[in-house]
Amino acid sequence: MKIKDMMFTAIMAAVIAVLGLLPPIPLPFIPVPITVQTLGVMLAGSILGARLGGISLLLFVVLIGLGAPLLSGGRGGLGVLVGPTGGYVLSYPIAAFVIGLLVQRTSVAGIKFWNFLLSNIVGGILVVYAVGIPFLSFITDVPITQALIGNLVFIPGDLLKAVLASLIAVRILKVSPTMIQDTKRQTPGV
């Protein structure tokens, strides 16, 4: 891995940690708070691409597992990763990878907002929910349908985050198009 790639990976992990400084909004009916850190997941995949976006989130999750209080509300440690929110956090590297992969495949014809938005919805919302909701259901011993219904409250905010991440990523990549070109070169055959 090049020094530049390591720097981008570390910077994005730091950006997500900074987003964790915003306090979580606890909800009385579900043990998962509203946070803005999934905005960082979407940005990582959109800007860094599949490989580097996934690595930056893997670094973030490893740091949390080692006890760094990087999650919203100053949470960290293995207890968080096996708690009710663990599935969502563990899905971050997968989500960033999927977002990056979709962005790389759809940006061949140019950097278009709608391609980024669709990529962020699929990777940043659907993938995170696909891992987080069953994990929440298992850990809290509630039926999956109840966990799914409890997660409906997150959809408007997550859609807003997908729009914001797409706008920011398109803006950054139009100013610095070499970033997306670099991510395309890193995954030949994709």
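**Close-up views of a predicted model**

**View A. P93, a buried residue of helix α4.** P93 counts as buried because its relative accessibility is 14%, under the 20% limit for a buried residue. The model shown here and in the other views is predicted. P93 belongs to helix α4, which runs over residues 86–106. Leaving aside neighbours within four places in sequence, the residues in contact with P93 are G54, L57, L58 and V61. R51 can be found in the same view: P93 and R51 are 42 residues apart in sequence, and their C-alpha atoms are 9.6 Å apart in space.

**View B. G86 and its contacts.** Like P93, G86 lies in helix α4. How much relative accessible area does G86 have? The value is 0%, so G86 is buried. Not counting residues up to four places away in sequence, G86 touches V80, L81 and F135. G132 is also worth locating, since it gives a sense of scale: from C-alpha to C-alpha, G86 and G132 lie 7.3 Å apart in space, with a separation of 46 residues in sequence.

**View C. The largest nonpolar core.** This core holds 46 residues, and those touching the most other members are M12, L57, F60, I64 and F116. At least two core residues come from each of α1 (3–19), β2, α2 (37–65), α3 (78–81), α4, α5 (113–140) and α7 (155–175). Which of these elements gives the most to the core? Helix α2 does, with twelve residues. In soluble globular proteins, nonpolar side chains tend to be buried together. L57, one of the core residues named above, is also among the contacts of P93 in View A.

**View D. The hairpin of β1 and β2.** Strand β1 covers residues 25–27 and strand β2 covers residues 30–34. The two strands pair in the antiparallel sense, over two bridges. Within this pairing, L27 stands opposite I30 of β2. Two residues lie between the strands, and together β1 and β2 form a hairpin. Strand β2 also supplies at least two residues of the core in View C and at least two residues of the pocket lining in View E.

**View E. The largest pocket.** The space in this pocket is about 280 Å³. Its lining has 21 residues, of which V32, P33, T35, T38 and Y92 are the closest to the centre. Which elements each supply at least two residues of the lining? They are β2, α2, α4, α5 and α7. By type, the lining residues divide into eleven nonpolar, seven polar and three charged.

**View F. S137 and D141, a buried and an exposed residue.** S137 lies in helix α5, while D141 is found in the loop between α5 and α6 (144–150). S137 counts as buried because its relative accessibility is 10%. Residues up to four places away in sequence left out, the contacts of S137 are V142, P143, I144 and A147. D141 has a relative accessibility of 70% and therefore counts as exposed, the limit for an exposed residue being over 50%. The backbone of D141 also deserves a look. Most residues other than glycine have a negative phi. D141 is not a glycine, yet its phi is positive, at about 55°.

Notes. Residues numbered from 1 in each chain as written. Predicted model: local features only at pLDDT ≥ 70, side-chain atom pairs only at ≥ 80, totals over all residues. Heavy atoms only, no water. Pairing = 2+ DSSP bridges. Helix = DSSP H or I, 4+ residues; strand = E, 2+ residues; numbered from the N terminus. Buried < 20%, exposed > 50% of the residue type's maximum accessible area, 1.4 Å probe, protein only. Contact = heavy atoms within 4.5 Å. Core = buried A, V, L, I, M, F, W, Y, C linked by side-chain atoms within 4.5 Å. 1 Å grid on protein atoms, 1.4 Å probe; cavity = no way out; pocket = protein on both sides within 12 Å on 5 of 7 lines; lining within 4 Å. Points joined across faces, edges and corners; volume = space filled by probe spheres on them. Nonpolar A, V, L, I, M, F, W, Y, C, P; charged D, E, K, R; others polar.
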